[in-house]
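Here are some worked exercises to try with the model open in your viewer. Have a go at each task before you read its solution.

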4 protein chains.
Amino acid sequence: MLSKEDFQFSLEMKVRDYECDMQGIVNNSVYQNYMEHTRHEFIQTMGLNFAKLCEEDIIVVVARIEIAFKNSLVSNDTFVSSVKVKKEGIKYIFEQAIFNKKNAQVIATGKVTTVARIGGKLMHAEVIDKAIQCLNKK
Amino acid sequence: MLSKEDFQFSLEMKVRDYECDMQGIVNNSVYQNYMEHTRHEFIQTMGLNFAKLCEEDIIVVVARIEIAFKNSLVSNDTFVSSVKVKKEGIKYIFEQAIFNKKNAQVIATGKVTTVARIGGKLMHAEVIDKAIQCLNKK
Amino acid sequence: MLSKEDFQFSLEMKVRDYECDMQGIVNNSVYQNYMEHTRHEFIQTMGLNFAKLCEEDIIVVVARIEIAFKNSLVSNDTFVSSVKVKKEGIKYIFEQAIFNKKNAQVIATGKVTTVARIGGKLMHAEVIDKAIQCLNKK
Amino acid sequence: MLSKEDFQFSLEMKVRDYECDMQGIVNNSVYQNYMEHTRHEFIQTMGLNFAKLCEEDIIVVVARIEIAFKNSLVSNDTFVSSVKVKKEGIKYIFEQAIFNKKNAQVIATGKVTTVARIGGKLMHAEVIDKAIQCLNKK
């Protein structure tokens, strides 16, 4: 069964009531917010910074997102948001999952495909490649 | 090339500045909001209503979402959000796209897989099936 | 009784379901979103543009916001968001209100105090002052 | 100078990039989200729960919100969100402030006026009054 041990980085967060919709559960789109925040925190632990990459004209863009919704989070739930990254061709692929902290139940899984645009062109970003290599050596 | 004529329903909206993130473009998660709103408006034209379905204990849940991001919307852009629906087995699948109104450029395409839960069980929802049949006869 | 005729600009919008919280009503913070969008659309009709002002190094910042919540909007409601502007000393004050379109009921009223920062200093922004004068001549 | 010691409850949070707008700062409306989350966490420490109050038909509604914006939070900032509550007549008034964690700088202050509606009528909510008394004895 999928657990946070299958990932490279995890972040604990708590549901905020304004994130719940009229069904009383966290709105589907909010998981994309949770996952984005987790990715940005993750790449910082890799020594990368979204804003700094931009300054060096390395724009990392999300090309594709796939999320499978398995269960719901409700008001007051605490959850663990996990992520790992791999490279496939020119793509940096983030695999992500969100777990209910209480019972480790899988809430959602996601696959986020990103590409680096340097000087307007899609290409390998050496600084990111090295950071991923470092990560995998750990 | 994909256009709104390939869909069953379209809605025109305008970017609101608070939807843009620090890259100056509409944040990826917001497209999920746009698509949800479009689906809910669409099913109303089919004579269905999200809140009423709930009252009849027919809960339509999103099981899976896939979005491909092709281009960006920025402040002041007007866009067209289009949708069509089909049934595959027990699944109701919404195919969606967002177009820049100015030049008909595809901004994002999405596939949203939903299922109906009646009395807690996943099953065919007759009222939805009929609504889809009506739609296809038009 | 307050009505949209008491304002200089009005915009019609419809509640989107993801804006509703678990009480089934539009979340309080969303009115601030509605009001921001209305202000930005309003100043465009005055020949001003948020992004362009920035380019000229005129940063308009919100210093204070006051909102009184009178009634709620729910799923499917259409509403009218109205605004007018006046200058008091160095401040540009936007008075705003949101009305239920169905019955003209006041949903919320707001007072948003903004100031212009030019080259880092709070000061009168001539281009804005002129735009307000034009508006009042109409 | 205002500090978190002037309040009854504080919560530490970190800015999430999707909360920043195209000016590169946390959007004004997001502070209302932060403050709501802080209030809901606060009342739980008082032994009160938003959802449970609802079940007992005690609806606490926000009647008025005033926020003064002093400084901005940006990507990567950690902040402290503080709150205290007092009763004035039939009103429960929450005074709130948000501080940059790095330097204790005041980012925003807020005053949120709420009232309790029991069985549709605005009235004193004994369970809330007792919780506030307990808090003040500590």
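Asn28(C), Ser29(C), Gln32(C), Asn33(C) and Glu36(C) of α1(C) meet Asn28(D), Ser29(D), Gln32(D), Asn33(D) and Glu36(D) of α1(D). Keep in mind throughout that this is a predicted model.

**Exercise 1. The helix pair of chains C and D**

Task: Work out how α1(C) and α1(D) are oriented towards each other, and describe the residues in their contact by class.

Solution:
- Start with the geometry: the axes of the two helices, residues 28–45 in chain C and residues 28–45 in chain D, come within 9 Å and cross at roughly 175 degrees.
- Apply the cut-off: an angle over 145 degrees counts as roughly antiparallel, which makes α1(C) roughly antiparallel to α1(D).
- Now sort by class: this contact of α1(C) with α1(D) has no nonpolar residues, 8 polar and 2 charged.
- For the spacing of such positions, recall that an α-helix has 3.6 residues a turn, so residues three or four places apart point the same way.

**Exercise 2. The helix pair of chains A and B**

Task: Find the angle at which α1(A) and α1(B) pack, and name residues that meet.

Solution:
- The axes are 9 Å apart and the packing angle is about 175 degrees.
- α1(A) is therefore roughly antiparallel to α1(B).
- From α1(A) come Asn28(A), Ser29(A), Gln32(A), Asn33(A) and Glu36(A), and they meet Asn28(B), Ser29(B), Gln32(B), Asn33(B) and Glu36(B) of α1(B).
- By class, the contact of α1(A) with α1(B) holds no nonpolar, 8 polar and 2 charged residues.

**Exercise 3. The whole contact of chains A and B**

Task: Determine which element gives the largest share of the side of chain A that touches chain B, and how the two copies are related.

Solution:
- Count the residues: 13 from chain A and 13 from chain B take part in the contact.
- List the elements: on chain A, α1 (28–45) and β2 (58–69) are those that give two or more residues to this side.
- Rank them: β2(A) has the largest share of this side, with 8 residues.
- Sort by class: the side of chain A that touches chain B has 6 nonpolar, 4 polar and 3 charged residues.
- Superpose: a turn of 180 degrees with a shift of 0.0 Å along the axis lays chain A on chain B, with an RMSD of 0.0 Å.
- Locate the axis: Glu66(A) comes closest to it among the residues of chain A, with its C-alpha at 2.2 Å.
- Compare the surfaces: 100% of the contact residues of chain A recur in chain B, and the same surface serves both copies.

**Exercise 4. One residue in β2(A)**

Task: Decide whether Ala63(A) is buried, exposed or partly exposed, and say which residues it touches.

Solution:
- Place the residue: Ala63(A) sits in strand β2 of chain A.
- Count neighbours: 16 other C-beta atoms lie within 10 Å, so Ala63(A) is partly exposed.
- Look beyond four places in sequence: Ala63(A) touches Thr113(A), Thr114(A) and Val115(A) in chain A, and Ala68(B) and Phe69(B) in chain B.
- Check one distance: Thr113(A) is 50 residues from Ala63(A) in sequence, yet their C-alpha atoms are 5.6 Å apart.

**Exercise 5. Chain D against chain A**

Task: Identify the relation between chains D and A, and the element of chain D that gives the most to their contact.

Solution:
- Superpose: chain D can be laid on chain A by a turn of 180 degrees and a shift of 0.0 Å along the axis, with an RMSD of 0.0 Å.
- Name the relation: that is a two-fold axis.
- Find the residue of chain D closest to the rotation axis: Met13(D), at 4.9 Å by its C-alpha.
- Count the contact: 10 residues of chain D touch 10 residues of chain A.
- Find the contributors: α1 and α2 (50–55) of chain D each supply at least two residues of this side, and α1(D) gives the most, with 4 residues.
- Sort by class: this side of chain D has 3 nonpolar, 4 polar and 3 charged residues.
- Compare: 100% of the interface residues of chain D are also interface residues in chain A, so the copies meet through the same surface.

**Exercise 6. A length check on α1(D)**

Task: Test whether the end-to-end distance of α1(D) agrees with the span expected at 1.5 Å a residue.

Solution:
- The 18 residues of α1(D) should span 26 Å, and the end C-alpha atoms are 27 Å apart, which agrees.
- For its surroundings, 13 of the 18 residues of α1(D) are buried.
- Just after α1(D), Gly47(D) has a positive phi of about 85 degrees.

Definitions and conventions
Residues are numbered from 1 along each chain as its sequence is written. Chains are lettered from A and ligands numbered from 1 in the order in which they are written. This is a predicted model: local features need pLDDT of at least 70, side-chain atom pairs count only at pLDDT 80 or more; totals for chains, interfaces and linings use all residues. Axes are lines fitted to C-alpha atoms, for helices over the stretch in contact, and angles run from 0 to 180 degrees between N-to-C directions. Angles under 35 degrees count as roughly parallel, over 145 as roughly antiparallel, 65 to 115 as roughly perpendicular and the rest as oblique. Two residues are in contact if their C-beta atoms, placed from the backbone, lie within 7 Å. Ala, Val, Leu, Ile, Met, Phe, Trp, Tyr, Cys and Pro count as nonpolar, Asp, Glu, Lys and Arg as charged, and the others, Gly among them, as polar. The expected span of a helix is 1.5 Å times one less than its number of residues. A residue is buried if 20 or more other C-beta atoms lie within 10 Å of its own, exposed if 12 or fewer, and partly exposed in between; C-beta atoms are placed from the backbone. Copies are superposed by least squares on the C-alpha atoms of residues with pLDDT of at least 70 in both.
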